[in-house]
Amino acid sequence: MRSSMKTPVSVLRLPRGPDPNSRGFDPNSPRFIALCPTTVPSSSSSGSADEGEQRLRAELRERFLRTLLLMTGKRVRFDMHEHVRVHARFGASDIDVLNLQVSDLETPLGVQREALLRCQDVIACSFEA
Amino acid sequence: MAMRQTPLTCSGHTRPVVDLAFSGITPYGYFLISACKDGKPMLRQGDTGDWIGTFLGHKGAVWGATLNKEATKAATAAADFTAKVWDAVTGDEVLTLAHKHIVKSVNFTQDSNCLLTGGNDKVLRIYDLSKPEAEPQEIAGHTSAIKKALWCNNDQQILSAAEDKTIRLWDKNTKEAVKTLSFDASVSSMEYIPDGEILVITYGRTIAFYKANSLDLIKTVDAPASIHSASLHPEKDFFVAGGDDFKLYKYDYTTREEMESYKGHFGPIHCVRFSPDGELYASGSEDGTLRLWQTAVGKTYGLWKCVLPEELSSENSEILYCPPAEIKA
């Protein structure tokens with residue numbers, strides 16, 4: 001048999017296979033949303049709004065916690081009240097995210113080996129992932 | 001430049017795929033349902049093969065599956081002696097219809113109000129889906145297990161194929177057989193094309209085309225191997241067939257000449273159907289996979305992308321997957 005000289009047709013990707021964890025029928029698909037507008041049979045409409053909000057809150061919380069994990073050991077810039085901007089190596093947060101443990105905190109008075117930053121003073125933190 | 005067909009393999013089933021059906025074209029595209037001996041029929045997006053969901057509930061091999069035109073309902077026939085109706089948007093089971101034996105075939109009327117079932121108890125049943133508790137109408141006559149049952153002629157007649165080597169045309173109202181065709185071999189598959197009233201049947205190595213309302217023979221074509229299923233293109237210029245030798249054959253309907261054959265499956269092909277727009281056809285095999293094949297090889301459609309030769313060798317080619325050229329020894 002001779003080798004095939006024709007170019008095979010290119011493909012963008014392969015068809016998606018089944019999700020091992022679910023039976024599918026994504027409730028967020030456009031078709032589902034259009035054809036099944038009231039799919040929460042037992043709870044009232046306000047109940048379903050709460051469920052939606054709770055889900056979003058949970059998602060945002062998870063994202064925040066993952067960001068804290070990612071920040072560990074990195075050099076972070078903290079923007080704080082009164083136009084204070086400092087850099088430090090982030091260590092950890094306490095359980096209620098009230099204080100942030102940092103190392104080598106660069107302050108106008110010099111570098112503080114170890115320090116705790118009060119979360120309520122922090123407006124934003126940024127870092128390179 | 002001639003291109004080589006790249007079939008798209010849809011995996012997920014763990015046992016042979018024995019039946020498949022397309023929906024009509026809906027505002028969300030068209031859909032495909034596959035029946036599998038693993039008992040878990042699956043719904044896929046028709047033009048990409050992407051899995052949408054699995055209908056869970058049957059306790060035995062699923063022998064037949066169908067979708068209504070709008071792809072809002074699905075029906076399945078199984079070895080657990082039931083036919084089930086499903087909501088094809090949510091995946092929920094809507095109805096279980098108990099039978100006295102293995103159910104092999106299910107088919108909706110155009111308005112999705114009635115479901116036709118047929119199976120090993122040799123009786124055709126018509127269920128009114130708006131009155132599911134009511135007893136179905138029954139049509140008896142076949143002397144062996146029914147393999148396939150279809151509505152035809154504007155849902156006024158029924159076509160059924162059975163192991164008794166006959167195909168019978170029934171009047172839905174009188175429940176009488178209007179015509180019977182007898183064969184030397186058991187009919188392996190049946191497809192009804194409403195536009196043009198054509199019936200495509202396969203038996204042995206033959207693919208035969210009949211007028212659906214009269215059961216008059218139009219033409220026959222013989223293939224190199226035993227054929228299990230065939231499908232006629234919506235524009236009736238080609239048909240495809242597959243069977244025991246694992247290959248898919250493409251024929252010119254007018255001249256009856258074999259145009260192409262494609263290898264790809266690792267087992268006998270049990271079912272093949274053209275999509276409602278005719279741009280692709282799907283095949284189901286003993287190897288547990290469904291494969292999608294382009295009608296016009298090289299055309300940009302679904303997941304297939306037409307790539308010009310200059311693009312293939314360029315640095316910033318965005319094509320993610322180009323199957324390696326096979327060198328055959």
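**Exercise 1. State how many helices and strands chain A has, and give their order.**

Solution. Chain A contains two helices and seven strands. This is a predicted model. Next, follow the chain along its sequence: the pattern reads β-β-α-α-β-β-β-β-β.

**Exercise 2. Find what share of chain A is buried, and describe its exposed surface.**

Solution. Start with the cut-off: a residue is buried when its relative accessible area is under 20%. Of the 129 residues in chain A, 20% are buried. Then turn to the surface. Chain A exposes about 9500 Å². Carbon and sulfur atoms supply 54% of that area.

**Exercise 3. Work out what part of the contacts in chain A links residues 24 or more positions apart.**

Solution. Take the contacts in chain A with a separation of 6 or more. Residues 24 or more positions apart account for 29% of them.

**Exercise 4. Trace the open four-stranded sheet in chain B.**

Solution. The strand order is β19-β20-β21-β22 of chain B, and the pairing is antiparallel. The edges are β19 (187-193) and β22 (217-222) of chain B, each paired on one side only. Neighbouring strands of this sheet are turned by 15° against each other on average, direction ignored. Now look at one pair. Six bridges join β19(B) to β20(B), residues 198-203. Within this pairing, B:Ile193 stands opposite B:Ile198.

**Exercise 5. Locate the WD repeats listed for chain B, and describe two of them.**

Solution. An unreviewed UniProt entry lists "repeat: WD" at residues 55-96, 96-137, 139-180 and 262-294 of chain B. Take residues 139-180 of chain B: 0% helix, 57% strand, end C-alpha atoms 14 Å apart. Then take residues 262-294 of chain B: 0% helix, 55% strand, end C-alpha atoms 11 Å apart.

How values were computed. Residues numbered from 1 in each chain as written. Chains lettered and ligands numbered in written order. Predicted model: local features only at pLDDT ≥ 70, side-chain atom pairs only at ≥ 80, totals over all residues. Heavy atoms only, no water. UniProt positions renumbered as here; feature names shortened; annotations may be inferred. Buried < 20%, exposed > 50% of the residue type's maximum accessible area, 1.4 Å probe, protein only. Contact = heavy atoms within 4.5 Å. Areas by Shrake-Rupley, 256 points an atom, 1.4 Å probe, with all protein chains shown as cover. Pairing = 2+ DSSP bridges. Axes fitted to C-alpha atoms, helices over the stretch in contact; angles between N-to-C directions.
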